[in-house]
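Let's take a walk through this one, going from a few single residues out to the whole chain. Have the viewer open and follow along.

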Amino acid sequence: MHGEWDRLANGEVHSGELPSWTHVTGPVLWYVSQGPYSGLGEAWSVFMRKARATFPSAELAGPPGDVYVCAPEDHAGSGAARLTTLMWAPLRS
């Protein structure tokens with residue numbers, strides 16, 4: 001999974017539909033966060049701040065969510081910086 005998502009990590013917020021393996025359907029704003037589990041709170045702030053700046057007129061249609069691109073237990077210790085989380089917020093269509 002890292003090969004597909006690392007290039008997007010901590011970059012821009014995107015809009016569109018997510019892959020079917022995420023079990024998230026419909027249009028969303030999405031962001032790939034990479035970093036230790038302890039940094040997820042700040043990553044949510046970054047995602048929402050970037051989402052508002054990039055898509056100022058977007059209307060959210062419900063609560064946001066996240067999907068681990070890789071399992072947290074696979075990134076313990078020194079590998080924690082590579083924990084990849086796909087954050088999303090549903091858009092009103």
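**A walk through the fold**

Start with Thr84, which is buried, because its relative accessible area is 1% and the cut-off for buried is under 20%. Keep in mind that we're looking at a predicted model. Thr84 sits in strand β4, which covers residues 84-90. Its side chain isn't without a polar partner: the side chain of Thr84 makes a polar contact with the side chain of Gln34, at 2.9 Å.

Stay on the strand and slide along to Trp88, also found in β4. Is Trp88 buried or exposed? With a relative accessibility of 16%, Trp88 counts as buried. Leaving aside residues up to four places away in sequence, Trp88 touches a long list of others. Among them are Leu18, Val24, Val28 and Leu29, the aromatics Trp30, Trp44 and Phe47, and the run Pro63, Pro64, Gly65, Asp66 and Val67. For a sense of how the chain comes back on itself here, try Pro27: 61 residues separate it from Trp88 along the chain, yet the two C-alpha atoms are 9.7 Å apart.

Now for the loops, and a bit of backbone geometry. Most residues other than glycine have a negative phi, so a couple of spots are worth a stop. Asn10 isn't a glycine, but its phi is positive, at about 55°. You'll find Asn10 in the loop between α1 (2-5) and β1 (14-16), and it is partly exposed, with a relative accessible area of 40%. His23 does something similar in the next loop you'll visit: its phi is positive too, near 60°. That residue lies between β1 and β2 (28-34), and His23 counts as exposed because its relative accessible area is 73%, where the cut-off is over 50%.

Time to zoom out. The chain has two helices and four strands, and reading along the sequence gives the pattern α-β-β-α-β-β. How does the overall size look? A compact globule of 93 residues would have a radius of gyration near 12 Å, and the chain's 13 Å agrees with that. Along the principal axes, the C-alpha trace spans about 40 × 25 × 20 Å.

Of the 93 residues, 41% are buried. Among contacts with a separation of 6 or more, 60% come from residues 24 or more positions apart. On the outside, the chain exposes about 5300 Å², with carbon and sulfur atoms supplying 54% of it. As for charge, there are 6 positive and 9 negative ones, and their mean positions lie 8 Å apart.

Notes: Residues are numbered from 1 along each chain as its sequence is written. This is a predicted model: local features need pLDDT of at least 70, side-chain atom pairs count only at pLDDT 80 or more; totals for chains, interfaces and linings use all residues. Side-chain values use heavy atoms; hydrogens and water are left out. The radius of gyration is taken over C-alpha atoms; the globule rule is 2.2 Å times the number of residues to the power 0.38. Buried means under 20% relative accessible area, exposed over 50%, partly exposed in between (1.4 Å probe, protein chains only). Contact means heavy atoms within 4.5 Å. Accessible areas come from the Shrake-Rupley method with a 1.4 Å probe; for residues, only the protein chains shown count as cover. Lys and Arg count as positive and Asp and Glu as negative; His and the chain ends are not counted. The place of a charge is taken as NZ of Lys, CZ of Arg, CG of Asp or CD of Glu. A polar contact is a pair of N or O atoms within 3.5 Å; within protein, one must be able to donate a hydrogen and the other to accept it, and residues adjacent in sequence count only if both atoms are side-chain atoms.
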